[in-house]
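User: I would like to go through the labels used for this model and ask what each one rests on. Please set the values against the cut-offs.

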Amino acid sequence: MSRTASILFFVVVAAQMVGLVAFAGVREVAVTTGREITLQTAPVDPRSLFQGDYAILDYEIAALPEGLRDLPAGSEIFVELYECGDVWCAVWHDPVGPPSSDVFIRGVVNQRGRLDFGIGTYFVPEGTGHIIEHAEDVKVVVSLDEQGQAVIKDVLVDGAPFAPYGN
Amino acid sequence: MSTGSVSGNGDSEFRRRLSIEVGGWQREGLISAEQAGEILRRYEPSTSGRPPGDPGYGAGDPTAPPVGAAERTTLVSRAVSIIGVMGALLVGLGIIIYVAANWDAIPVWARVTMLVGLTAAINAAGWTLLAKLEYPRIGVALLVVGALAYGAAIHLVAQIYHVPVNHPNLTTAWFLGVLPIGYVARSRVMVGLSLALLVLSMGFRTQWWLEYYGEETILFLAPLTLALSAAVVALGRLQLRFTWTRPLAGYCYYPGLGIGFVAFCVMTLASIWINAERLTWEVVTPEYWITAGIAIAAAAAATAGSWWFSRDRQDAGLVSDTVTVATIAVTGAVMWLWFVWPEPALWWLFNLVAFGGIAAVAFLNRSTQLLGGVAVLFVALVATRFVSLVDLDSEATPILLSATALAVASCLFAGSVAMRVVPAIEQYNRFVAAAGLTLAASSLHVMGYGTFWRWDTPPVWSWMPAEYWAVVAVGWLLAAAGVGLAWWKRGRSGYGDAVWEAGAVAAMAALTLAMWLGLMYAVSMWPVFNLALLAGIGTLLWYGYRRRESPVAYFAGSILAGSLIIRSFAAFGFLAQNELLLWLGPVGLGIGALIFLTGRIRVRWTGTATAELRVSSRAWDLAGLSAAIASVYAMSYSDPWDPATGGIEGAALAFLGEYWFLAGTVWGAAAAVLVLMWVVDRKWSSPVRTAPGQLNWETSAAVAMGLLALVSWLGLLLVWTWTWLPLNVALLGAVLALVAAGYRWNRGDLINLAVIAFGIALFTRYFEFGFGLLGQSLAFIVAGAIMLCMGFGLEFLRRRMLRSVRIVEEPA
């Protein structure tokens, strides 16, 4: 193999590395700089072949109000949020565009007629999924950016941060 | 287009190089003219690696020197590739499972650094081995690990930040990262892997191409997939125009054609079109159109590039490549237009385009491999037609469908006979004949199932729709016309009279008649069709030997093997996996004995048959021995024999007619071949004298297989928990016997088989044992690492051999 091929090879590998670090970086920035809110959930627990165990999180704010139930799957909806006690609740579901208020989350109507916010999966160490599954109350701390995009920060199981190893 | 390399080519290439080298030595005075002649004779084609006069294939006298170093080097290099890739996959899988399982204890920055560092390190090691140290096979194996590690890294970073697994960008990034490495390293394995990743990422991206999935929205995916297929095919054909990428081109455009074909097949089904009226363009996203635009632009640019880079020389493939790409793209465009005015009743138009397109691709590309593939696809397409044609809720449906299949099969076969008298298409008749015979064999196979002939209410004629009778009538009319044409023009082509072929079509007609009669009078006819299938295969074998057409014989052999394998798994699917393995063991032994003995009897034809037939005889007996060893191995675990550990409980198959029919057929055929072998050696002066003791060796191997089958049947019928013990002893004995036979008959491949069998048995036992103690992932990694080390050692050995005989390297 020629010298050029060697250089090309390591350029490709370097690009892979940069891509991975950039991916992690973008998500890290989203987690640290966004606005922190807490949401109420009801979890279910299947398995992923690729990534070990995870919990599927279904949010209370994912339910559509009476008037919007007939929207086709794939429709984009902005949910305006307000603080109700220790979690945030939905004020208004807006299918047109981002609301004027500053705390809102973007969701897409899924096949089951509920909203999908891209934060429906929470990965846990293998064999610990049952902790979330059997919990009485699960809340999720998410980080929201200004476009309404959410990233999971933490999961509160019965009021305490999820710590399967007890640390 | 030949992308792989046949070992025969390697041999002739080696001889070519050797003669150049030897000429040089002679000129330099290193060796005399006699010595030069001696060296070259040593590697004559007919006795490759053996001294002149030795018939080879274990038939030689025991004092002959070992097999040629060239042959052995090829064997070792293949073993390195297989062991290397297996090791690579195991390590990769292990890494993925291990890291996914024990992950949360490590801080985030450390995890990301670890992933990035590991991926880079594996890739760097792979590249160093491949490019700097010139260990190509093991280097490519490491690059495969690197690609898997990169994929794992992407998914694990996604996991850290709780990005859902099905996020489309994950697999796309994986694909984009692996593809360039395949080309920089010029590795077919890596290009193939990245094409697989492309298909995977297309699957994940569909959720972004459509707002939502529904029965009808799936239709939108077909034209987009066709556009992507056109792009991949065009890019693949473009690669043919450069020396650098030419070996990789096939790994691009064949998958491309496959993707397009699958997309198209979906569109030809009438049932899909039922929902077409509910189609709405609102579900199609901008990304859908962007992807389509990029794909079409890429297809156009690649085609233009093909023309541009071939402008200075004759390139016969340009027109056909362009037509192929244009056909795929235009078909996609037609579909889009169709969706504007969906008309479900016109679904058959797509069928016309499908069959026309297949015919066009087949005749424009004069590549025999592509034609063979096209013939198979044609059969597949015809087969899907039957499913959509008759949607009956009857127990006899498979038989009724087989009747149509048989009509189409005889039409194809008769058509192939007729093609012989038309010079322009004469050369393609084999593929059409193969398609027809495969379809006929499949129909007979289906009709041979006893379960399809047991129904509560006999089928009624009026259930069958008009299309059914149309296909049957048209099929038989065309068949009759084809046979008539061939008969009328008999003697015009180089194939002699059409007696064989007319007889075959007549036999198919008789079988169809038998089927109707069976249905009419509710008689269970399944044994008839099994016997007919066996008779047909026997006739084909006989035809192959009579006409010296070894491909016909191979074809018959593959049909027999395929039918037996499908039959074994389908008929006894009701059994638990453990029990099924045990019951199939003695049958597998019988199949092994049959293949082994067939290979051995082929050796007797050494002097008369074509070179091709001779070369493959050794592969046959090796395959037979491997099948037998694999069967014993499958039965050699203790748990399935023990009811206490969830094993066999009773003689589940003891009274099932089909099972004993299958077993009887296999062992009966094996016994017949054994007897034939004795007769040939005693009565008939075979052109090649068999060595003294050879017949005993073959007979004892076959008898040993028979005894083992008997022991396992006894164990099964009497539910004897300890049956695994003699089987394990036999496994060990077989390994030792193979090593002894290998030394006795100077056959390195027998010794290799013994070593591989022993290695696999040891390895899997290690897994069974190791899985309990270590974590699964650790067992994977350790096993993979051991295999990579073995691969490295073998590669070292191979290079030492290479130094003694110079062989041209082929890319990994």
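User: How many residue pairs are in polar contact between chain B and chain A, and what makes a pair count?

Analyst: In this predicted model, four residue pairs are in polar contact between chain B and chain A, both residues at pLDDT 80 or more. A pair counts because an N or O atom of one residue lies within 3.5 Å of an N or O atom of the other, with one able to donate a hydrogen and the other to accept it.

User: What is the count of salt bridges between chain B and chain A?

Analyst: The count is zero. A salt bridge needs a side-chain nitrogen of Lys or Arg within 4 Å of a carboxyl oxygen of Asp or Glu.

User: Which elements of chain B touch chain A, and how do their residues divide into nonpolar, polar and charged?

Analyst: Helices α3 (69-101), α4 (108-132), α5 (136-160) and α6 (168-184) of chain B each give two or more residues to that side. The largest share, 11 residues, comes from α4(B). By type, the side of chain B divides into 30 nonpolar, six polar and three charged residues.

User: What area is buried between the two chains, and which three residues of chain B supply the most?

Analyst: About 3,500 Å² is buried between chain B and chain A, and carbon and sulfur atoms give 71% of that. B:Trp127, B:Tyr161 and B:His162 supply 21% of the area that chain B buries against chain A, more than any other three residues. The contact takes 39 residues from chain B and 35 from chain A.

User: Why is B:Gln239 called buried?

Analyst: Its relative accessibility is 10%. The cut-off for buried is under 20%, so the label applies. B:Gln239 lies in helix α8 of chain B. Beyond four places in sequence, B:Gln239 touches B:Tyr183, B:Thr245, B:Arg246, B:Leu248, B:Ala249 and B:Cys252.

User: Which residues touch the most other members of the largest nonpolar core?

Analyst: Of its 86 residues, these are B:Trp127, B:Trp209, B:Phe220, B:Met267, B:Met335 and B:Phe339. Helix α8 (residues 218-239) of chain B gives the largest share, 14 residues. Apart from this core lies another, of 48 residues, including B:Val587 and B:Leu695.

User: What is B:Met267 in contact with?

Analyst: Leaving aside neighbours within four places in sequence, B:Met267 contacts B:Leu219, B:Ala222, B:Trp273, B:Met335, B:Phe339 and B:Phe350. Each is a contact because heavy atoms lie within 4.5 Å.

Conventions: Residues numbered from 1 in each chain as written. Chains lettered and ligands numbered in written order. Predicted model: local features only at pLDDT ≥ 70, side-chain atom pairs only at ≥ 80, totals over all residues. Heavy atoms only, no water. Core = buried A, V, L, I, M, F, W, Y, C linked by side-chain atoms within 4.5 Å. Buried < 20%, exposed > 50% of the residue type's maximum accessible area, 1.4 Å probe, protein only. Helix = DSSP H or I, 4+ residues; strand = E, 2+ residues; numbered from the N terminus. Buried area = accessible area lost by both parts, 1.4 Å probe. Polar contact = N/O pair within 3.5 Å; in protein donor to acceptor, adjacent residues only side chain to side chain. Nonpolar A, V, L, I, M, F, W, Y, C, P; charged D, E, K, R; others polar.
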